Amino acid sequence: MLYNYKGKSPLIATSAFIADSVVVTGDVTIGEESSIWFHTVIRGDVAPTIIGNRVNIQDHSVLHQSPNTPLIIEDNVTIGHRVLLHSATIRKGALIGMGSIILDGADIGEGAMIGAGSLVPPRKKIPPYTLAFGHPVNIIRPLTEEEIKEMERIRREYVEKGQYYKSISPRLKG
């Protein structure tokens, strides 16, 4: 379901896949070949939410903002199942593990990986290409080449899955 909010309407690229059970409201932009999976809620009724290209936001995630603090997700990002994102910046190529919570002003570095179930507190900065994990999050170590390749594989597969689902759903064809 797509909703306008006070004159703001979601802007969704024609190549994006949005599952039928997703709710998107207000000032939300979703880029090319991105995929928003089942039962996700993206509310743009406080500040903008900007989702780049080839981003996958997996099932049951919730995205929202605080006043004057947008939520920004750059290109090629993976957001795992049941993630809560609130007024944070997720840099290019990062992966946010299942069940994680990322709070206001947090900045997840390019290519960083946040382990499943982590809590990233307000204004916490995670360096690029590092593994961070915990509740609250701690920087663990630099990512290995194998982990970086696995993150790339996941991104590619979600672009392919999203395009497949889009191709079989007449309502979603661009």
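Salt bridges are a good place to start: this predicted model holds 7 of them. Three pairs are set out below, each with the distance between the closest N and O atoms or, for the helix pair, from N to O.

| Acidic residue | Basic residue | N to O distance |
|---|---|---|
| Asp27 | Lys8 | 3.9 Å |
| Asp45 | Arg43 | 2.9 Å |
| Glu157 | Arg153 | 2.8 Å |

Let's take the pairs in turn. Asp27 and Lys8 form a salt bridge with their closest N and O atoms 3.9 Å apart. This pair joins distant parts of the chain, 19 residues apart: Asp27 sits in strand β4 (residues 23–30), while Lys8 belongs to the loop between β1 (2–3) and β2 (11–12). Asp27 has a relative accessible area of 22% and is therefore partly exposed. Lys8 also counts as partly exposed, because its relative accessible area is 42%. The limits behind that label are under 20% for buried and over 50% for exposed, with partly exposed in between.

Asp45 pairs with Arg43. Asp45 has a relative accessible area of 21%, so it is partly exposed, and Arg43, at 36%, is partly exposed as well.

Which residue meets the side chain of Glu157 in a salt bridge? The partner is Arg153. These two are 4 residues apart in helix α1, which means that about one helical turn separates them. Glu157 is partly exposed at 30% relative accessibility, and Arg153 is partly exposed at 29%.

Beyond these pairs, salt bridges also link Glu74, Arg91 and Asp107 in a network.

Helix α1, which spans residues 145–168, also holds Tyr165. Together with Tyr164 and Ile168, Tyr165 makes a nonpolar surface patch of about 310 Å². Tyr165 has a relative accessibility of 32% and so counts as partly exposed; patches are made of residues with over 30% relative accessible area and no salt bridge.

Now for the second largest pocket, which offers about 160 Å³ of space. Its lining is made by 13 residues, and those nearest the centre are Gln58, Thr78, Gly80, Leu95 and Ile154. Two or more lining residues come from each of β13 (95–96) and α1. Which element gives the largest share of this lining? That is α1, with 3 residues. Sorted by class, the lining of the second largest pocket has 7 nonpolar, 5 polar and 1 charged residues.

Helix α1 thus turns up in several places: it carries the Glu157 and Arg153 pair, holds Tyr165 and contributes to the pocket lining.

Notes. Residues numbered from 1 in each chain as written. Predicted model: local features only at pLDDT ≥ 70, side-chain atom pairs only at ≥ 80, totals over all residues. Heavy atoms only, no water. Patch = residues over 30% accessible without salt bridge, like charges linked within 9 Å, V, L, I, M, F, W, Y side chains within 5 Å. Areas by Shrake-Rupley, 256 points an atom, 1.4 Å probe, with all protein chains shown as cover. Salt bridge = Lys/Arg side-chain N within 4 Å of Asp/Glu carboxyl O. Buried < 20%, exposed > 50% of the residue type's maximum accessible area, 1.4 Å probe, protein only. 1 Å grid on protein atoms, 1.4 Å probe; cavity = no way out; pocket = protein on both sides within 12 Å on 5 of 7 lines; lining within 4 Å. Points joined across faces, edges and corners; volume = space filled by probe spheres on them. Nonpolar A, V, L, I, M, F, W, Y, C, P; charged D, E, K, R; others polar.
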